[in-house]
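Student: Before any questions, please put the sequence and the structure up. Then we can go through the fold by question and answer.

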Amino acid sequence: MVDARGFACPIPVLMTQKELAKGPASLEVMVDNHAARENVTRLAESAGYAVAVKEDNGEYTLTLTK
């Protein structure tokens with residue numbers, strides 16, 4: 001789980017990239033802004049992960065799965 005709430009880009013992307021380098025089959029990433037949601041989604045898709053997004057009161061939980 002990556003909790004990147006409260007961070008502006010590129011920090012959420014860098015945090016996610018560090019975890020993806022470990023090669024997990026799935027990973028949850030929490031962000032609280034639209035730009036981070038979009039950028040983490042692009043990173044995950046470019047790394048071969050499918051992304052499901054759940055929004056709750058302006059906070060997003062991205063579930064990345066291979």
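Tutor: Two strands count as paired if DSSP finds at least two bridges between them. Helices (H or I, at least four residues) and strands (E, at least two) are DSSP runs, numbered from the N terminus. This is a predicted model, in which local features need pLDDT of at least 70 and side-chain atom pairs count only at pLDDT 80 or more, while totals for chains, interfaces and linings use all residues. Residues are numbered from 1 along each chain as its sequence is written, and side-chain values use heavy atoms, with hydrogens and water left out.

Student: In what order do the four strands form the open sheet?

Tutor: The pairing in this sheet is mixed. Its edge strands, each pairing on one side only, are β1 (2-3) and β3 (50-56). The order is β1-β2-β4-β3.

Student: Which residue in β4 stands opposite A52?

Tutor: β3 and β4 pair in the antiparallel sense, over seven bridges. In β4, the residue opposite A52 is T63.

Student: What angle does the direction of α1 make with that of β2?

Tutor: Axes are lines fitted to C-alpha atoms, for helices over the stretch in contact, and angles run from 0 to 180 degrees between N-to-C directions. Contact means heavy atoms within 4.5 Å. α1 packs on the sheet and touches β1, β2 and β4. Its direction makes an angle with that of β2 of about 165°.

Student: And at what angle does α2 run to β4?

Tutor: α2 lies across β2, β3 and β4. Its angle to β4 is about 0°.

Student: Why are the buried residues of α1 on the same side of α1?

Tutor: Buried means under 20% relative accessible area, exposed over 50%, and partly exposed in between (1.4 Å probe, protein chains only). In α1 the buried residues are P12, V13, T16 and L20. They are on the same side because the arc they cover around the axis, taken from the directions from the helix axis to the C-beta atoms, is only 95°.

Student: Which element gives the most residues to the largest nonpolar core?

Tutor: A nonpolar core is a set of buried Ala, Val, Leu, Ile, Met, Phe, Trp, Tyr and Cys residues joined through side-chain atoms within 4.5 Å. The largest one has 15 residues, of which L20, L27, V29, V31, L62 and L64 touch the most other members. Two or more residues come from each of α1 (11-20), β2 (26-31), α2 (34-46) and β4 (59-65). With four residues, the element that gives the most is α2.

Student: Is R37 buried or exposed?

Tutor: R37 sits in helix α2. Not counting residues up to four places away in sequence, it touches V31, V53, Y60 and L62. Its relative accessible area is 19%, so R37 is buried.

Student: What is the omega of the peptide bond from C9 to P10?

Tutor: Most residues other than glycine have a negative phi, and most peptide bonds are trans. P10 lies in the loop between β1 and α1. The bond from C9 to P10 is cis, with omega near 15°.

Student: What phi does N57 have?

Tutor: N57 lies in the loop between β3 and β4. N57 counts as exposed because its relative accessibility is 77%. Although N57 is not a glycine, its phi is positive, at about 55°.

Student: What distance separates the C-alpha atoms of G6 and M30?

Tutor: G6 is found in the loop between β1 and α1. G6 is exposed, with a relative accessible area of 63%. G6 and M30 are 24 residues apart along the chain, and their C-alpha atoms are separated by 9.8 Å.
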